[in-house]
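Let us take a walk through this protein together, from the overall fold to a handful of individual residues. Keep the viewer open and turn the structure as you read.

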Amino acid sequence: MIETVFTSKTLIGFISDTKSFESITDDYFQILDLDKNGMLSPSELRQGLNHVVAVESEVAPGEETNNVYNAIFERFGEDLVPEKFRDLIAEILTAMARGIGNSPVIMVVHNDGLIMKAVLHESEKGK
């Protein structure tokens, strides 16, 4: 885990760079696709999604968490192909960006999670 500072522009800029975003989300898809069948099952998504997009707090199993996953599966399907996984991640990061707004926030994130990738992407583009 690492502490980092970012704004909504960090996340939106990352999503907007289609080539980089697709490459990175495809890498995460391959990591989460444990049986290597080219689709993410509900159990594979549940096992790995928290690590990909989560911040400091861990998601505890429960009715509220189940409702979130049920909504994801209802919207994107039971077995996610890479394109649907990309759409899901873009939607999650966009929702986070809307919640954050333009004010800088400090979060503790996974070193190899998508938020950290977005921060690194922004710093590389700024050079």
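The paragraphs below begin with the whole chain, move on to its nonpolar core, and end with some single residues.

A word on the source before we start: this is a predicted model. The protein chain has six helices and two strands. If you trace the chain from its N terminus, the elements come in the order β-α-α-α-α-α-β-α. So what you meet at the start is a strand, followed by five helices, then another strand and a last helix.

How does the overall size compare with that of a compact globule? For 127 residues, a compact globule would have a radius of gyration near 14 Å, and the protein chain agrees with this because its own value is 14 Å. Along the principal axes, the C-alpha trace spans about 40 × 30 × 25 Å. Buried residues make up 39% of the 127 in the protein chain. The contacts tell you about the topology as well: take those between residues at least 6 apart in sequence, and 77% of them join residues at least 24 apart.

Now to the surface and the charges. The protein chain has an accessible surface of about 7300 Å², and carbon and sulfur atoms account for 53% of that area. Its charged side chains number 11 positive and 21 negative, and the centres of these two sets lie 8 Å apart.

Next, look inside. The largest nonpolar core has 32 residues, and the ones with the most contacts inside it are Leu45, Ile72, Phe85, Ile89, Leu93 and Leu114. Which elements give two or more residues to this core? They are helix H1 (8–16), helix H2 (18–32), helix H3 (42–53), helix H4 (63–76), helix H5 (82–100) and helix H6 (114–125). Helix H5 gives the most, with seven residues.

Leu114 is a good residue to centre your view on. If you leave aside its neighbours within four places in sequence, Leu114 is in contact with Phe14, Ile24, Thr25, Tyr28, Val52, Val53 and Ile89. Step one place along the chain and you reach Ile115, which lies in helix H6. Ile115 counts as buried because its relative accessibility is 1%, and the cut-off for buried is under 20%. Ile115 is 107 residues from Ser8 in sequence, yet the two C-alpha atoms are 11 Å apart in space.

Helix H5 also holds two charged residues worth a visit, Arg86 and Glu83. Are they buried or partly exposed? With 14% relative accessibility, Arg86 counts as buried. Not counting residues up to four places away in sequence, Arg86 touches Phe21, Glu22, Thr25 and Asp26. Thr25 has come up before, since it is also on the contact list of Leu114. Glu83, on the other hand, has 44% relative accessibility and therefore counts as partly exposed. Glu83 and Met107 are 24 residues apart along the chain, and their C-alpha atoms are separated by 28 Å.

Another partly exposed residue is Asn66, which you will find in helix H4. Its relative accessible area is 33%, so it falls in the partly exposed class. Between Asn66 and Asp112 there are 46 places in sequence and 25 Å in space, C-alpha to C-alpha.

Finally, turn to two loops. Lys36 has its place in the loop between H2 and H3. What is the phi of Lys36? It is near 55°, a positive value in a residue other than glycine. Lys36 is exposed, because its relative accessible area is 55%, and exposed requires over 50%. The other loop joins strand S2 (105–109) to H6, and this is where His110 sits. His110 counts as buried, as its relative accessibility is 11%. His110 and Gly99 are eleven residues apart in sequence, with 19 Å between their C-alpha atoms.

Notes
Residues are numbered from 1 along each chain as its sequence is written. This is a predicted model: local features need pLDDT of at least 70, side-chain atom pairs count only at pLDDT 80 or more; totals for chains, interfaces and linings use all residues. Side-chain values use heavy atoms; hydrogens and water are left out. A nonpolar core is a set of buried Ala, Val, Leu, Ile, Met, Phe, Trp, Tyr and Cys residues joined through side-chain atoms within 4.5 Å. Buried means under 20% relative accessible area, exposed over 50%, partly exposed in between (1.4 Å probe, protein chains only). Helices (H or I, at least four residues) and strands (E, at least two) are DSSP runs, numbered from the N terminus. Contact means heavy atoms within 4.5 Å. The radius of gyration is taken over C-alpha atoms; the globule rule is 2.2 Å times the number of residues to the power 0.38. Accessible areas come from the Shrake-Rupley method with a 1.4 Å probe; for residues, only the protein chains shown count as cover. Lys and Arg count as positive and Asp and Glu as negative; His and the chain ends are not counted. The place of a charge is taken as NZ of Lys, CZ of Arg, CG of Asp or CD of Glu.
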